Amino acid sequence: MTFRIAPSILSADFARLGEEVRAIEAAGADLVHFDVMDNHYVPNLTVGPLVCSAIRPHVKLPIDVHLMVKPVDRLVADFAKAGANLISFHPEASEHVDRTIGLIRECGCKAGLAFNPATPLNHLDHTLEKLDLVLLMSVNPGFGGQQFIASVLVKIAEVRRRIARCGRDVWLEVDGGIKTDNIAAVAAAGADTFVAGSAIFGSADYRATIREMRARLAMV
Ligand code: DX5
Ligand code: ZN
C-alpha cells in the first residue's frame with residue numbers, strides 16, 4: 001500500500017504561505033491539501049483560486065483542493081486553471097453530482113467525492129467507477145484542530161471494501177483530527193491518504209512530524 005501525507009494549509013501561516021508550502025515539500029509531504037470554505041456550505045471562510053495560483057509556482061507537489069462550497073460547479077474550472085491537480089466536493093453541495101464529477105475530469109483534474117461524518121455512503125453507488133478519490137471527513141468540516149470522530153473508522157473500512165470490489169485504484173483520503181498517535185489506526189482501517197493540518201503545521205519541526213507519521217504507517 002502506498003501511503004500519502006497531505007498537510008492542510010488551513011493551519012499554515014497565511015502571511016507566509018509560499019514559504020510554508022515549500023517547507024512541507026522539503027519535509028517530505030506528498031500533496032498540498034487546500035481547504036476552500038465559503039461561509040455558506042460551512043461556517044468559515046478561507047481561500048479561493050487566486051491563492052491557489054499564488055502558491056502553484058512554489059511547489060511541484062500536486063495540489064489537492066477540498067471544496068467546501070455551494071454551489072460547486074462554477075469554481076471547478078477556476079481551480080483547474082489555478083493549478084489544482086485533484087478537486088473534491090461534497091455531494092450535498094452539488095445539484096448534479098455526476099455532472100460535477102465530469103466537469104472536474106474534463107478540466108484535467110482527478111475527481112474526489114467528500115463525505116461528512118453523517119453523510120451516507122450510498123452516494124458512492126453510481127459514482128465510484130468515475131472517481132479517483134474518496135475523501136472521508138473524520139470531523140465536521142469548517143475548522144482545523146478538531147477531535148477525530150472514531151466512528152468514522154468503520155466507514156473507512158466499508159469504503160475500502162467498496163474500492164476493492166470496484167477494482168480500480170481509487171485513493172481513500174481521511175481528513176480531520178489525524179495525529180501521529182492515531183494515523184496507524186486510520187491506515188489499519190483502510191485509508192491510504194492522510195490529511196493533517198494542526199498536527200503538522202502546529203509542530204515545531206515539519207520534517208520530524210512527517211517522518212514520525214511514516215514510521216507509524218510502516219508498522220501497519
Ligand atoms: C476541515 C478541513 C481539514 C482540516 C484538518 O474542514 O477540511 O482539512 O484542516 O485539520 P486538522 O488536521 O487540524 O484536523
Ligand atoms: Zn480538507
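These legends walk through close-up views of a predicted model.

**View 1. The zinc ion (ligand 2) and its protein donors.** Here we meet His33 through NE2, Asp35 through OD, His66 through ND1 and Asp175 through OD, lying 2.0 to 2.3 Å from the metal. The 6 donor atoms around the zinc ion subtend angles of 66 to 169°, so the arrangement is octahedral. If you like to search by pattern, the donors follow the spacing H-x1-D-x30-H-x108-D along the chain. The pair His33 and His66 links distant parts of the chain: His33 sits in strand β2 (residues 32–37) and His66 in strand β3 (residues 63–68), 33 residues apart. Both histidines, His33 and His66, are buried.

**View 2. Val65 in the largest nonpolar core.** This core counts 70 residues, and Phe34, Val65 and Phe79 touch the most other members. Leaving out residues up to four places away in sequence, Val65 touches Phe34, Val36, Cys52, Phe79, Ala84, Leu86, Ile87 and Ser88. Another core, of 6 residues, lies apart from the largest one, with Ala6, Leu86, Leu133 and Trp171 among its members.

**View 3. The two faces of helix α3 (residues 73–81).** Take a look at Leu75, Val76, Phe79 and Ala80, which are buried. They cover an arc of only 135° around the axis, and therefore lie on the same side of α3. An α-helix has 3.6 residues a turn, so residues three or four places apart point the same way. Turned away from the buried side, the other face carries the exposed residues Arg74 and Lys81.

**View 4. What surrounds α3.** The cover over the buried residues of α3 includes β2, α2 (49–55), β3, β4 (86–89) and α4 (97–106). After the helix comes Gly83, with a positive phi near 100°.

Conventions
Residues are numbered from 1 along each chain as its sequence is written. Chains are lettered from A and ligands numbered from 1 in the order in which they are written. This is a predicted model: local features need pLDDT of at least 70, side-chain atom pairs count only at pLDDT 80 or more; totals for chains, interfaces and linings use all residues. Side-chain values use heavy atoms; hydrogens and water are left out. Donors are N, O and S atoms within 2.8 Å of the metal (3.2 Å for Na, K and Ca); water is not among the atoms, so sites may look incomplete. Four donors count as tetrahedral if all angles lie between 85 and 135 degrees; four count as square planar and six as octahedral if opposite donors are over 155 degrees apart and all others between 65 and 115; anything else is irregular. Helices (H or I, at least four residues) and strands (E, at least two) are DSSP runs, numbered from the N terminus. Buried means under 20% relative accessible area, exposed over 50%, partly exposed in between (1.4 Å probe, protein chains only). A nonpolar core is a set of buried Ala, Val, Leu, Ile, Met, Phe, Trp, Tyr and Cys residues joined through side-chain atoms within 4.5 Å. Contact means heavy atoms within 4.5 Å. The arc is that of the directions from the helix axis to the C-beta atoms.
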